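A student and a tutor go through one model, working from the coordinates alone. The exchange starts with a helix and ends with the ligand.

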Amino acid sequence: MSTWRQRMLDMVARRPSGRLGRVVYGRLSGDEPLARLVLDGLGLRPDDAYLEIGQGGGRLLARALETTGRAAGIDHSADMAALARRANREAVADGRAHIVVGDAAALPWPDDTFTCAACVATFLFFEEPVRVLREVHRVLRPDGRLGILTPAEQARGVVSRLFSPWSEDVRLYTPDEMTAVLAQAGFVAIEVEVRNKRLLAFARTPDAQAGCR
Ligand SMILES: C[S@@+](CC[C@H](N)C(=O)[O-])C[C@H]1O[C@@H](n2cnc3c(N)ncnc32)[C@H](O)[C@@H]1O
């Protein structure tokens with residue numbers, strides 16, 4: 001990919017930054033009805049410890065905190081981490097929210113830290129999806145829940161029209177491909193459906209009695 005194309009893709013979506021990133025992810029993106037379906041599907045509870053991978057401006061994380069006791073977010077954009085901290089400033093101040101700058105492929109938490117995790121509009125950027133999923137699996141407790149929302153292969157036409165230079169630079173999944181990467185990382189109870197050209201995927205880590213961890 002050329003430097004120009006990389007810079008543009010980073011600025012608007014893959015590693016948002018600057019004024020444009022702050023406007024898009026501070027006000028417009030992150031809390032759409034489809035994203036909320038991920039939280040609904042996770043069935044959040046007050047005793048949950050919630051992790052969001054690529055939380056962007058942190059609007060969905062704020063919504064999760066309306067139910068969960070604790071939440072953490074990780075994003076490799078320092079600007080997005082700052083925006084998410086601002087959007088969740090009270091929870092950050094009282095220690096309920098922890099937002100870090102980092103890579104999804106190397107999560108800075110010990111094993112078995114979280115009960116559930118979400119990843120919205122971010123999975124398409126992972127060059128090593130199984131490596132990321134293994135990390136998520138590691139930090140989830142047994143019987144932990146994962147929800148993913150990402151453009152489906154059916155969205156390729158839309159992606160090509162909107163982001164023609166980048167359509168080859170992101171990874172769009174069929175339900176079978178998504179099921180395969182989740183299974184490869186050790187997830188079970190995998191359910192994947194296509195909604196409005198997006199994949200909505202849910203899976204769990206095996207429970208402790210299954211002895212698979
Ligand atoms: C398109 S934005 C979506 C943000 C938010 N989830 C939303 O729906 O508004 C993708 C986000 O994932 C982050 N991201 C992409 N790849 C990442 C990686 N490998 N590790 C951590 N964050 C990543 C980007 O910085 C960006 O904030």
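**Helices, hairpin, core and ligand shell**

Student: Which residues of helix α3 (residues 33-42) are buried?
Tutor: This is a predicted model, and burial here is a count of neighbours: 20 or more other C-beta atoms within 10 Å. In helix α3, the residues that meet this cut-off are V38, L39, G41 and L42.

Student: On which side of α3 do they lie, and how wide an arc do they cover?
Tutor: The buried residues of α3 are on the same side of the helix, because of the narrow range of their directions around the axis. The face turned away from that buried side carries exposed P33 and D40. The arc of the buried set is only 165°.

Student: Which elements do the buried residues of α3 pack against?
Tutor: One partner is a helix, α4 (59-65). Just after α3 itself, G43 takes a positive phi of about 60°. The strands packed against the buried residues of α3 are β4, β5 (140-151) and β7.

Student: In helix α2 (residues 18-28), which residues are buried?
Tutor: The face of α2 turned away from the buried side carries the exposed residues R19, L20, R27 and L28. The buried residues cover an arc of only 105° around the axis, so they fall on the same side of α2. They are G21, Y25 and G26.

Student: Which residue just after α2 takes a positive phi?
Tutor: The phi in question is about 115°. The residue just after α2 that has it is also among those that come nearest to the ligand. It is G30.

Student: What are the buried residues of helix α9 (residues 175-184)?
Tutor: Exposed D176 and Q184 sit on the face of α9 turned away from its buried side. The buried residues cover an arc of only 100°, which means that they share one side of α9. They are M178, V181 and L182.

Student: What do the buried residues of α9 pack against?
Tutor: L182, one of the buried residues of α9, touches L133, F187, I190, A201 and A203, leaving out residues up to four places away in sequence. Just after α9, G186 takes a positive phi of about 100°. The elements packed against the buried residues of α9 are α7 (129-139), β6 and β7.

Student: How many bridges join β6 to β7?
Tutor: Strand β6 spans residues 188-195 and strand β7 spans residues 198-204, and the two run antiparallel. They form a hairpin with two residues between them. E193 stands opposite L200 in β7. The number of bridges is six.

Student: Is N196 buried or exposed?
Tutor: N196 lies in the loop between β6 and β7. Its phi is positive, about 50°, although N196 is not a glycine. Because N196 has 11 other C-beta atoms within 10 Å, it counts as exposed.

Student: Where is A189 found, and is it buried or partly exposed?
Tutor: Most residues other than glycine have a negative phi. A189 has a positive phi of about 50° although it is not a glycine. It is found in strand β6. Because A189 has 14 other C-beta atoms within 10 Å, it is partly exposed.

Student: What distance separates the C-alpha atoms of P142 and P206?
Tutor: P142 lies in strand β5. Because P142 has 16 C-beta neighbours inside 10 Å, it counts as partly exposed. P142 and P206 are 64 residues apart along the chain, and their C-alpha atoms are separated by 5.7 Å.

Student: Which strand gives the largest share of the largest nonpolar core?
Tutor: This core has 57 residues, of which Y50, F114, A117, A118, V136 and L182 touch the most other members. The largest share is six residues, and it comes from strand β4 (residues 114-120).

Student: Which residues come nearest to the ligand?
Tutor: The shell around the ligand divides into eleven nonpolar, eight polar and four charged residues. The elements that give two or more residues to this shell are α1 (3-14) and β2 (70-75). Of the 23 residues around the ligand, the nearest are G30, G54, G56, S77 and A104.

How values were computed: Residues numbered from 1 in each chain as written. Predicted model: local features only at pLDDT ≥ 70, side-chain atom pairs only at ≥ 80, totals over all residues. Near = placed C-beta within 6 Å. Helix = DSSP H or I, 4+ residues; strand = E, 2+ residues; numbered from the N terminus. Nonpolar A, V, L, I, M, F, W, Y, C, P; charged D, E, K, R; others polar. Pairing = 2+ DSSP bridges. Core = buried A, V, L, I, M, F, W, Y, C linked by C-beta atoms within 7 Å. Buried ≥ 20, exposed ≤ 12 C-beta atoms within 10 Å, placed from the backbone. Contact = placed C-beta atoms within 7 Å. Arc of directions from axis to C-beta.
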